[in-house]
Amino acid sequence: MKRGTITIRNTNSDNIHIYIELSEDGTVWMTKNEIAYLFNVHRSSVEANLKSLFKSNGLLEKTVRHEEHCIQPNDRKCIVEYFNLEVIIALSHRMDSYPCIHFRQWVTKQVALS
C-alpha cells in the first residue's frame, strides 16, 4: 500500500515548508510513531489524543484507521495501525508543538486558497 508522506522542513530563515504527497486513495496514512515524529511529540501524547478523539466521537475510528497484519522475522504476528490525513489534521489541533502550529497554519492557508 502506498501511504503518502508529509514532511515539515524548517529553512534557515525560519520559514516552514510543508510537503504532502497523497496516496492513491487521496490521503496520507501514518502510524502513531510517524505522527509523533512528524509533530515532535511523544507517542503517548498521540495515543492519548487519539483516544480522546475517538471517545468523543469527533472521528469515527473505523473510517480513519486502517490495520495491516504482518509477520515479524521471528514468526510472531503483529498488527500495524495506520491513521489517515483527517486524523493527522485533527491531532495537529489538539497538540501545541512547533510543527503542529505550523501544520495547522498551513492547512488553514490551503483551505483558504481553494
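Here is a short walk through the salt bridges of this structure, which is a predicted model.

Let's begin with the general idea. Side chains of opposite charge can pair when their charged atoms come close. Searching the whole structure for such salt bridges turns up 8.

One of them joins Glu34 and Arg3, whose side chains meet with an N to O distance of 2.8 Å. Find Glu34 in helix α1, which covers residues 32-39, and then Arg3 in the segment before β1 (5-10); the pair therefore ties together parts that are 31 residues apart in sequence. How open to the surroundings are these two residues? Glu34 is partly exposed, at a relative accessible area of 29%, and Arg3 is partly exposed too, at 23%.

Now move on to the strands. Arg65 and Glu81 form a salt bridge through their side chains, 2.7 Å from N to O. Arg65 belongs to strand β3 (residues 65-71) and Glu81 to strand β4 (residues 77-83), so this pair links parts that are 16 residues apart in sequence. Arg65 is partly exposed, with 22% relative accessibility, and Glu81 is partly exposed with a relative accessible area of 24%. This pair also has company: Lys32, Glu61, Arg65, Glu67 and Glu81 are linked in a network of salt bridges.

Our last stop is the pair Asp96 and Arg104, a salt bridge in which the closest N and O atoms are 3.5 Å apart. Is each partner buried or exposed? Asp96 has 62% relative accessibility and counts as exposed, whereas Arg104, at 17%, counts as buried, because buried means under 20% relative accessible area and exposed means over 50%.

Methods:
Residues numbered from 1 in each chain as written. Predicted model: local features only at pLDDT ≥ 70, side-chain atom pairs only at ≥ 80, totals over all residues. Heavy atoms only, no water. Salt bridge = Lys/Arg side-chain N within 4 Å of Asp/Glu carboxyl O. Helix = DSSP H or I, 4+ residues; strand = E, 2+ residues; numbered from the N terminus. Buried < 20%, exposed > 50% of the residue type's maximum accessible area, 1.4 Å probe, protein only.
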